[in-house]
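Reader: I'd like a close look at one part of this model. Could you pick a single spot in the longer story and walk me through its surroundings?

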Amino acid sequence: MISEADISVFQAGELIAQLTLPSIAEDGQNVPVFRHEFQKPMAGGTYDLEIDIENSKTIQAQTTIPEQVRLSDVIVDELSRWPDFKDRNFDNVVIRGRLLIDNTNSGDHYYHFAQAQLSLDWYDVIAGDTTITDVNKDSILIPVENIDLANQSYTSLLHEPGFLIKDKEEGGIYKVVPFQITTRINRNYQLLNHLKVFIRHTSMDYFKFHQSVTNQLIAKENAFAEPVRPHSNIKNGQGHFSGYSSSFYTVKFD
Amino acid sequence: MSKRIFSLLLFCFVFVQSYGQQYPLLDQKISFKSKQATLSDLLEKLAKVGDVNIIFSPQLFEKKIRKSVDFDETKLGEILLYLLAEENVNFRIIGSEIVLFKTMLDERYTVNGFVLEKESGEGIISASVVEPFLNKGTISNAYGFYSLTLPKGFHKIKYFSFTSQELEGFLYLDRDTAINKYLETTLTLAEVVVTSKDTAELINIKDNSKEKITSVDVLNAPSLGGEPDLIRTAFLKPGIQSGGDGLGGLFVRGGGLDQNLILLDGVPVYNASHIIGIFSIFNSDAIRSSELYKGAIPSRFGGRLSSVLDVRTKEGNEKEFNASAGFGLMSLKASIEGPLKKEAASFFISYRRSILDLYFKPLTTFANKQNGIDGFSTYLYQDLNVKLNSKFGNRDRLYFSVYFGGDKYSDDRSWSRSDSISTINRLEGQRLGWGNGIGSFRWNHIFGNKIFSNTTLTFSRYNFNSRTFFGREEIASDSLSLEAFDIAQFNSSIKNYAVKQDFEFFPNPNHEIRFGLNAVFHRFNPNAIIINELNELGVSYSNGLEAELFEDLENDLEVFDGAIYAEDEFKLNEKLSGNIGFRGTLFRTGNSKYYSLQPRLNLRFSPIPKLSLYSAYDRLDQPLHLLQRSGIGLPSDLWVPSSDSIRPNVGWQTVIGARSNIFENLEIGIETYYKKMNNLVTYKEGLLSQINAENWEQRVTIGSGEAQGIEFWLSKIKGKTTWSVNYTLAKTIRQFDEIANGEPYPFRYDRRHFLKAILYRKLSNKWTFSASWVFGTGNGVTLPTAEVTLPSNNPEFPNLPITVQFFDKINDYRLPNYHRLDLAVNMLVKKPNLTHKLHFGIFNVYNRLNPLFVTIRESTEEPGVNQPQLFSLLPFLPSFSYAIAF
């Protein structure tokens, strides 16, 4: 376990963050987790990481933050709603829809489609936001589910909400991504008419790391399966140094 | 008309006379010795000692050979053949006189026919037919047919095989002659393996890189649960290993699980295992013979990279009805065979059924009840072999055979829970099933005396299905109810329809030419179905995937696989022989056609008698791939064909070796091999999610492999005690572009050392004892070098931290060394019309807990510290079985 290291982050060769203190957990014990709330990375920016550890080779990594993804449309195909069996104050809601990604750039693109919100109208969020509804005080935004399990472009994640998308450049323009969100809402809200989706345009390393971690978790269930090695883009180390740009899109439906 | 009848009668008389006749003159035993005498002197002395007239002219002997001889109670005929062999001189008997004559090179005749079991009339595979004085011989084919062409004159012909007693006799050959020879089997004991020392080298000389596994080997070897098993017996041979302790999976010389061509009566079998490989589908009661080619694979075989396991089953006794029945701790068995028409047509039916459900059902019922659950698990495997055959004259025979077998597992559980709000009824279960169905129709025909033809139509099917279901019913106090139903189903099947035409041509004793062609149509159907339904108060919701995946069921993949081949088993001279051939293949899939030309060469050199040095090269391709979710060969693993983007596997292997039985009753050998495999296919690292026929190509990566090794063996092959010890030093690696950053890594079954020993001892006329001990390097495993625990961001598991494991290299760690001792005692009591067989055995005598796999778990002694934890499957297990035959 490494609990002391000099960690530096550079943007375009310029030092923008540095952490030299030992990592300390809340209970006062050393843990191999270093945190630094430095400025958020910029879309399109290229960042370098250097970690110096005594008697070890310098750990290095580089990543470029992708530009925000452009969404052409979000189409809601189906909405089902029925009373919650256990708590009659709530209804279960399932929405199925399609996300249209406008991708005119060449090359491979990677996305993380994680979360959504449901609203009565644009300002009144009724599901997916703890401050307005009391659906679940611990909840975060509603996780989005992958319903095209057999499609190798999509990877459902076990350790993160949502699923990963690898753009295959189909037709060069639109990537149509079917999805589903499932939540509960207060029965008193009779009208749903806004869906807000959040999507991250990720670097390849982000995508591959999270995909490999999910695959590792699946493989661990089978004692005979070969273990899966997490993807790494770290020189002289393991793990991932990567990032993403978030976008959101709101659609009104009847 | 009368002339034709007379000719026929005369022919029949001569025909019977030529090989039904005894020659007392030649059978009389004589002792005499002489030093450096000419042939004329020796013959005169022989005539005098034997009190027989031998008429010859000294001009017959061109070579003027002088010989020293010392014959002790040797047959006169053998002495004559020995003396005359080098002079191209033979003899005939006229009255009571022996008249010598010069043999003409172009005056040669063929003796052909079938070598058959005396008891049943079934053909004996790989029986030797030898003229020892001319050192000419041949081996019977898969139907017992042989053809041997020799000069005119008297010959001594020996017939023998590994499992039968030797027959020999004198034959006067002055026309093409058909002889069917019936040999008595020595079925029960390991005592007699090679029955004639002077012909031993002829048995071994063609066996480079090949292991013969006889039914005697299988029946006498220590077994698991009293269930003799062909593939488990094969694991005792050098270069052959299983997937794990107790589990099957055949791995030959560093090859993969899917690289073995397993043939049941010539028809490919795609999954030859029961209970995840613990037993094979080959019912030991039905096995007639089996051969495993590890290298030097003849041209007539193709389609897999590493090995060929050619298993032949019994045809049925054409002389009398026999039946047998037996039971052990694992299964019940019964078989019946007999003539449909005496000595012309016969049948064989054999059935085996596991009795594991007798244990599983009460045990799981009891265990479930302890937890307030109703239900139980059952497991069943079964095999049915049916064969019919009929002769039509001396030249034609028809065969029809089918095999059906498979495994079924089911687990059903249901329970209810009630509280003040509601009552919950739950039902859940799982079904697993897999099996093979095989059918074949054959026509054997003999053209002339030298060409054997085999025409075959075959059908083979393997299917796997799994269904997991879950049902939940909730009834609330206010009568509101909810029903949920969930099914996940996975089906896959592979079928093939094939037509084959094979010819065997025996132009002379120095050449056995085989040629033929085959065409196979494969149909693949890999699919998955997922159905979710939730109903409440009339509100229904069904998963849209259902429709999509049902559509996929229609998407069969159809491919064509064709091949032509030719090979010549040749003998250039007394020292140099071999097999040369080629195989040309066409594989059509999608919009692509793949051609290959595969040369095969096997050269043998015998500088001195009983020593064979050999080298072989063979090139092979494999257009079918098994996508494995694990390394052990689960029945759910998916067979897929090469496609437009995935080319067939190609590989080549070379072997160099030496084998000898130069020491009395001992065989010693050494063989080295190097194998290269390209275009190998495997899942990309970790892509374990659902696959189907539409997307499998995107989920695999292409790579290569290498295997090399050296095998030694030493066997005592004759006597009351026989034994064999073998050692293998081996290494095998794999390299895939998208695994381990493209770096080569050890194959999971890369096991550096293997030492195997087996002993058979005949204790009395009734009892035999056998023991086997195996030692091997542990399997390679990949263990994490670091773990990092991350907080979960998944709202479904908010309090469940995720532990991510990091690894340095694949299969860089080793499981502990594997070793195991098995013992068995077999009793055989033969009474008129009744035979009892009793088997007692102990598997894993000293209870070595050989690990099957390893996981990393938190130490119970040191919380917070993770440690490897080993899991074993098969501890000390006694076994018992009993069978009766009548």
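Author: Sure, let's start with the chain as a whole and then zoom in. Chain B has 9 helices and 54 strands. Keep in mind that this is a predicted model. Chain B runs to 886 residues, and 42% of them count as buried. If you take the contacts in chain B with a separation of 6 or more, 65% come from residues 24 or more positions apart.

Now for the close-up: B:Asn112. You'll find B:Asn112 in strand β6 of chain B, which covers residues 108–117. B:Asn112 has 23 other C-beta atoms within 10 Å, and because the cut-off for buried is 20 or more, B:Asn112 counts as buried. Who's around it? Skip the neighbours within four places in sequence, and B:Asn112 is in contact with B:Tyr146, B:Ser147, B:Ala178 and B:Asn449. Another pair to look at is B:Asn112 and B:Pro507: they sit 395 residues apart in sequence, yet their C-alpha atoms are 12 Å apart in space.

Since you have the model open, chain A is worth a glance too. Its domain assignment gives domain 1 (6–65) and domain 2 (70–204 + 241–252). Where those two touch, domain 1 of chain A puts in 7 residues and domain 2 of chain A puts in 6 residues. On the domain 1 side, strand β4 of chain A (residues 59–64) gives the most, with 3 residues. As for chemistry, that side of domain 1 of chain A splits into 5 nonpolar and 2 polar residues, with no charged ones.

Terms used:
Residues are numbered from 1 along each chain as its sequence is written. Chains are lettered from A and ligands numbered from 1 in the order in which they are written. This is a predicted model: local features need pLDDT of at least 70, side-chain atom pairs count only at pLDDT 80 or more; totals for chains, interfaces and linings use all residues. Helices (H or I, at least four residues) and strands (E, at least two) are DSSP runs, numbered from the N terminus. A residue is buried if 20 or more other C-beta atoms lie within 10 Å of its own, exposed if 12 or fewer, and partly exposed in between; C-beta atoms are placed from the backbone. Domain bounds come from an automatic or database domain assignment. Ala, Val, Leu, Ile, Met, Phe, Trp, Tyr, Cys and Pro count as nonpolar, Asp, Glu, Lys and Arg as charged, and the others, Gly among them, as polar.
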